[in-house]
Amino acid sequence: MELAGIAPSKAPPKIDGHSFAPVLLGKTISQPRFIYHEFAGPQDPVFADVPFPKNFGQNIRFGQWSGVAVCFKAPCSKENNATFFLYDMDKDQAQLNNVATDHPDVVAEIQSLMVSQYDKSYDPNGVFHPPP
């Protein structure tokens, strides 16, 4: 928005994230501790073995790790029977080898971040309801 000349006070409410405008202008920026996003209706073939309808998903990129959770009811947590995938992006950029069972400490930290970052704009079934 800043490249389009939209003043921060004119931006729609409830927009979060990090601007990459400085990079486009040739400057460097520090990388955030993690990058988080949510998605509805995960359809990736890697989720084909998940034994329930998949209405909602969450992803966190955290250092060398990419944590992905899919679930029927948001947010994806143990309580909501989420299926969790962890990928070591230094060794597996195609995200083909789930290493979640090898790194329970990393999984626990990413799951905690997912719960804290969950956007309640989604209803419990993972359907997005934009803010008014």
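**Entry 1: Asn59**

I opened with Asn59, which counts as buried because its relative accessibility is 10%, and buried here means under 20%. I note at the outset that I am working with a predicted model. I placed Asn59 in strand S2. What does the side chain of Asn59 join through a polar contact of 3.2 Å? I found the side chain of Ser66 there. I then looked for backbone partners and found the backbone oxygen of Gly67, 3.1 Å from a polar atom of the Asn59 side chain. Leaving aside neighbours within four places in sequence, I listed the contacts of Asn59: Ile35, Tyr36, His37, Phe39, Ser66, Gly67, Val68 and Met114. So Ser66 turns up both in that contact list and as the side-chain partner at 3.2 Å, by the contact limit of 4.5 Å between heavy atoms.

**Entry 2: the chain as a whole**

I stepped back to get my bearings. I counted two helices and four strands, and from the N terminus on I read their order as α-β-β-β-β-α. The chain has 132 residues, and buried ones make up 35% of them. I put the accessible surface at about 8,700 Å², with 56% of it belonging to carbon and sulfur atoms. I also checked how contacts spread along the sequence: of those between residues at least 6 apart, 40% join residues at least 24 apart.

**Entry 3: aromatic pairs**

Next I went through the rings and found two aromatic pairs. Phe56 and Tyr118 make an edge-to-face pair, with 5.8 Å centre to centre and 85 degrees between the planes. This pair links distant parts of the chain: I found Phe56 in strand S2 (residues 56-62) and Tyr118 in the segment after helix H2 (104-117), 62 residues apart. Are Phe56 and Tyr118 buried or exposed? I noted both as buried. Phe85 and Tyr87 form a stacked pair, 6.5 Å centre to centre with 5 degrees between the planes. I noted Phe85 and Tyr87 as buried too.

**Entry 4: the salt bridge**

I looked for salt bridges and the count came to one. Arg33 pairs with Glu109, and I read 2.8 Å between the closest N and O atoms. Arg33 sits in the loop between H1 and strand S1 (35-40), while Glu109 belongs to helix H2, 76 residues apart, so I logged this as another link between distant parts of the chain. Side chains of opposite charge can pair when their charged atoms come close. I checked the cover on each partner: Arg33 is exposed because its relative accessible area is 52%, whereas Glu109 is partly exposed at 34%.

I stayed with Arg33 for one further look. Its C-alpha atom and that of Gly63 are separated by 7.5 Å, with the two positions 30 residues apart along the chain. Gly63 lies in the loop between S2 and S3, and I noted Gly63 as partly exposed, at 47% relative accessibility.

**Entry 5: positive phi values**

Most residues other than glycine have a negative phi. With that in mind I noted Asn81, which has a positive phi of about 55 degrees although it is not a glycine. Asn81 is in the loop between strand S3 (65-71) and strand S4 (83-88). Asn81 counts as exposed because its relative accessible area is 57%.

Gln95 went on the list as well, with a positive phi near 55 degrees in a residue other than glycine. I located Gln95 in the loop between S4 and H2, and at 25% relative accessibility Gln95 counts as partly exposed.

**Entry 6: the N-terminal end and a nonpolar patch**

Last, I turned to the start of the chain. Glu2 lies in the segment before H1. How far apart in space are Glu2 and Ser19, C-alpha to C-alpha? I got 8.3 Å, for two residues 17 apart in sequence. Setting aside residues up to four places away, I found Glu2 touching Ser19 and Ala21.

I also found a nonpolar patch on the surface, formed by Leu3, Phe20, Val23, Leu24, Leu25 and Ile29, with about 610 Å² of accessible area together. I picked out Phe20 for a closer check: this residue is in the segment before helix H1 (21-24). Why does Phe20 count as exposed? Phe20 counts as exposed because its relative accessibility is 55%, and the cut-off for exposed is over 50%.

Definitions and conventions:
Residues are numbered from 1 along each chain as its sequence is written. This is a predicted model: local features need pLDDT of at least 70, side-chain atom pairs count only at pLDDT 80 or more; totals for chains, interfaces and linings use all residues. Side-chain values use heavy atoms; hydrogens and water are left out. Patches are made of residues with over 30% relative accessible area and no salt bridge: like charges are joined within 9 Å, nonpolar side chains (Val, Leu, Ile, Met, Phe, Trp, Tyr) within 5 Å. Accessible areas come from the Shrake-Rupley method with a 1.4 Å probe; for residues, only the protein chains shown count as cover. A salt bridge is a side-chain nitrogen of Lys or Arg within 4 Å of a carboxyl oxygen of Asp or Glu. Buried means under 20% relative accessible area, exposed over 50%, partly exposed in between (1.4 Å probe, protein chains only). Rings of Phe, Tyr and Trp (its six-membered ring) pair if their centres lie within 6.5 Å; planes under 30 degrees apart count as stacked, over 60 as edge-to-face and the rest as tilted. A polar contact is a pair of N or O atoms within 3.5 Å; within protein, one must be able to donate a hydrogen and the other to accept it, and residues adjacent in sequence count only if both atoms are side-chain atoms.
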